[in-house]
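This report introduces the structure shown below to a reader who has not met it before. It deals with salt bridges and with one helix.

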Amino acid sequence: MKYLNQKHIYVLIKRNELSGTSIEDGSKHTEKAIFSTERLLVGNFSVAEDALRLVAKKITRQDSWWYKPPLKVVMHPLEMNEGGLSEVEYRAVRELGLSAFLKDNVRSVVVWNGKDLSEEEIRSCE
């Protein structure tokens, strides 16, 4: 679903590293934290959530305190996803995006497993 003035956030997930980019204004931020385990990219959910909240805070600075445009967040795990994501991994990554951007008026979180996306592909990702 498309919203008026919707902002798009692209989050890349690597082992112990989260990088976020705001497509509209180009702001970027990366946080490193120990959230991956030997078997899981997001093995320690609360640590990953805290790190992603810091990313969200840096890249979703709002122009107004009373209006926050709706966000569409695309979460892209880049590692430890050979053979695709299991249902549990998919849900963990999606929930990570929902919880970290909750205060920023998140409207949808899409988990992408594939090639890197262009800005236009991020905008149209369902």
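## A salt bridge between two strands

In this predicted model, Glu-17 and Lys-32 form a salt bridge through their side chains, with an N to O distance of 3.5 Å. The pair connects distant parts of the chain, since Glu-17 belongs to strand S2 and Lys-32 to strand S3 (residues 28–32), 15 residues apart.

The two partners can also be described by their accessibility. Glu-17 is buried, its relative accessible area of 17% being under the 20% limit. Lys-32 is exposed, because its relative accessible area of 63% is over 50%.

## Other salt bridges

The count of salt bridges comes to six. One of them joins Arg-15 to Glu-79, with the closest N and O atoms 3.9 Å apart. This pair also links distant parts of the chain: Arg-15 lies in the loop between S1 and strand S2 (17–22), and Glu-79 in the loop between S4 and H2, 64 residues apart. Glu-79 is partly exposed, at a relative accessible area of 28%.

Another salt bridge pairs Lys-115 with Glu-121, whose closest N and O atoms are 2.8 Å apart. Glu-121 is partly exposed, with a relative accessible area of 30%. Glu-24, Glu-119 and Arg-123 are joined into one network by salt bridges that share partners.

## Helix H2

Helix H2 comprises 14 residues (residues 87–100). At 1.5 Å a residue it should span 20 Å, and the end C-alpha atoms are 20 Å apart, which agrees.

The buried residues of H2 are Val-93, Leu-96, Gly-97, Ser-99 and Ala-100. These buried residues pack against strand S1 (7–14), helix H1 (45–59), strand S4 (71–77) and strand S5 (106–111).

Terms used
Residues are numbered from 1 along each chain as its sequence is written. This is a predicted model: local features need pLDDT of at least 70, side-chain atom pairs count only at pLDDT 80 or more; totals for chains, interfaces and linings use all residues. Side-chain values use heavy atoms; hydrogens and water are left out. Helices (H or I, at least four residues) and strands (E, at least two) are DSSP runs, numbered from the N terminus. The expected span of a helix is 1.5 Å times one less than its number of residues. Buried means under 20% relative accessible area, exposed over 50%, partly exposed in between (1.4 Å probe, protein chains only). Contact means heavy atoms within 4.5 Å. A salt bridge is a side-chain nitrogen of Lys or Arg within 4 Å of a carboxyl oxygen of Asp or Glu.
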